[in-house]
Amino acid sequence: MIKYTQGYYGFHTLFQVYGSSLYKACFCAVISSGLYFLFCWFYIHEVINLLDHPYPVAAVVSSVAIALSFKLTFSYNRWWEACTTLHNMHAKWLDVGSTMAAFHLQSRIYESVAPPSFGEHQDVHFDFVRRREITERTSTSFVTARDTLNSNETKPTSVKSRLGKILRRQNKETSRGAKDKDTQNIHDSSSSALPFPNDYWTRSKSSKANGSLSNDASVQKKNDPTENPSLFLQETAHLVSLLSAVALSTLRYDAEGKEAPLTEFVPGKNWPSNNSDNDTEMLKNGYRRNKAWSTVKFMLDVSRSPTEILEYNAARPFHVIGGISDKEAELLRNAKGASAKVALVYLWLNEFITREHMHGSMGTVAPPIISRLMQFTSDGHMWYNAARKMAYIPFPFPHVQLTSAFILLTIVVVPVLMLVKANVYFGFVLNFLVVTILTGLNEVAKELENPFTNVPNDLPLNLFQAHFNEALITMFAGYHPDSHWELKESA
């Protein structure tokens, strides 16, 4: 997807050639204008005598415009629906990870560090409650998460005083430009990261796309369950991230039977670029694009070869939390077809949820509530298949054939229309503009009708995956940083 700034009246957008429908339409308009000058030179009287009035040709042009408008509308609907389905898919699968983490924090291994519940002390009033200081907390992970959101030192205050600050906020006499000392910046990228394990216990640390499953990997019991994100949380984040990465890779037509372009996710890195021309990761992976030749091929509407598609996708791998093991990659390669690959990871996730629930990893949450996790995974899978509708079912061929024939007819008919009534030079300008507009509508529709593969106007799937991974690792933050409280001694 091309990221742009409009500037004054969209003037800055006029300088983008690669990915532009305008310049492709101008190429057809130049051909039509050349035909116009040929007609003027030879002045075909037989054709002119047949057109006593320009309305017949105008009717043809109007019909073409209607057909193109229909195609453009439905192409844009496909593009926008693809955006909607991907965001809904990620929303549902993020619900899976977040809900599983919330259930897991209620299990018995967190009893020693879990915050007290207001339900157990329903007779306690605000006057008898105070917040613990950060130094009194037992969980280093929670301290890290709090430091991420609060750059200044936090002072212990009571719940009543905190509510009082909110109620009295409108009475503060501070200047409009002054910075409130109680105001915290949650969008500061220089703050420390959320707790993240140095290595995943099931996968080796590797810079390659595939890690290897350690044969000696074992679950080590620790005295402090919050010293590092638990293996349950790590595996949950890995499976949900892997499910998303495999789903997105099938939408962009990764080569069947080839090594999946998946790599390990590193938190805190810069976001992938929307535009592949500015993606530093592609340059690091050795991908080089001849910009001049690519622009010429785009202008001539020459499709990319399978080798070019393979090299392009391999240079933009999807990042998976915890990486991907050799055995996982092998099973995914053996699964034939896009649906089978996604269904395989879908099975792994559902089996993991069932097994861990039966062994108490999600506390004493009732089975009907646990079934919501299965519903979330199913809803995400449903939205994935809705996205496959745009990826694997092209725009109907009869309509594409009809509009293509109309475009070729327009290139020839419009010069004749201008030749009948218009001045020679004014007719040339009108001919160029009319053909540019009509063919431009068709080119826009062609770029939007397949939102996953039409480079460079495809959707930024790598950026979506990066956002999804960063959202997933928030489950490692644990309890709310202000959840720990205690009774005052005077109580």
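**Reading the terms in a predicted model**

Mentor: In this predicted model, a nonpolar surface patch is made up of Phe-27, Ile-31, Trp-293, Val-296, Leu-300 and Val-302, which together have about 570 Å² of accessible area. Helix H1 (21-42) and helix H8 (291-299) are the elements that give two or more residues to the patch.

Trainee: What makes Phe-27, Ile-31, Trp-293, Val-296, Leu-300 and Val-302 a patch?

Mentor: Members need over 30% relative accessible area and no salt bridge, and nonpolar side chains are joined within 5 Å. The six named residues form a patch by that rule. One of them, Leu-300, sits in the loop between H8 and helix H9 (306-315).

Trainee: How is the crossing of H1 and H14 described, by what angle and distance?

Mentor: Two packed helices are described by the angle and the distance between their axes. For H1 and helix H14 (residues 424-448), the axes come within 7 Å and cross at roughly 145°. The crossing is right-handed. The contact of H1 with H14 has 14 nonpolar, eight polar and three charged residues.

Trainee: Why is the aromatic pair of Tyr-76 and Trp-80 called stacked?

Mentor: Ring centres must lie within 6.5 Å, and planes under 30 degrees apart count as stacked. Tyr-76 and Trp-80 are 6.4 Å apart centre to centre, with 10° between the planes, so the pair meets both limits. Both residues lie in helix H3 (residues 55-104), four residues apart, about one turn of the helix. The structure holds eight aromatic pairs.

Trainee: How do you know that Lys-389 forms a salt bridge with Glu-81?

Mentor: The cut-off is a Lys or Arg side-chain nitrogen within 4 Å of a carboxyl oxygen of Asp or Glu. The closest N and O atoms of Lys-389 and Glu-81 are 2.9 Å apart, so the pair qualifies. Lys-389 belongs to helix H12 (residues 367-392) and Glu-81 to helix H3, so the pair ties together parts that are 308 residues apart in sequence. By this rule there are seven salt bridges.

Trainee: What kind of peptide bond joins Val-455 and Pro-456?

Mentor: That bond is cis, with omega about 5°. Pro-456 is in the loop between H14 and helix H15 (461-472).

Conventions:
Residues are numbered from 1 along each chain as its sequence is written. This is a predicted model: local features need pLDDT of at least 70, side-chain atom pairs count only at pLDDT 80 or more; totals for chains, interfaces and linings use all residues. Side-chain values use heavy atoms; hydrogens and water are left out. Patches are made of residues with over 30% relative accessible area and no salt bridge: like charges are joined within 9 Å, nonpolar side chains (Val, Leu, Ile, Met, Phe, Trp, Tyr) within 5 Å. Accessible areas come from the Shrake-Rupley method with a 1.4 Å probe; for residues, only the protein chains shown count as cover. Axes are lines fitted to C-alpha atoms, for helices over the stretch in contact, and angles run from 0 to 180 degrees between N-to-C directions. A crossing is left-handed if the near helix is turned anticlockwise from the far one by less than a right angle, and right-handed if clockwise. Ala, Val, Leu, Ile, Met, Phe, Trp, Tyr, Cys and Pro count as nonpolar, Asp, Glu, Lys and Arg as charged, and the others, Gly among them, as polar. Rings of Phe, Tyr and Trp (its six-membered ring) pair if their centres lie within 6.5 Å; planes under 30 degrees apart count as stacked, over 60 as edge-to-face and the rest as tilted.
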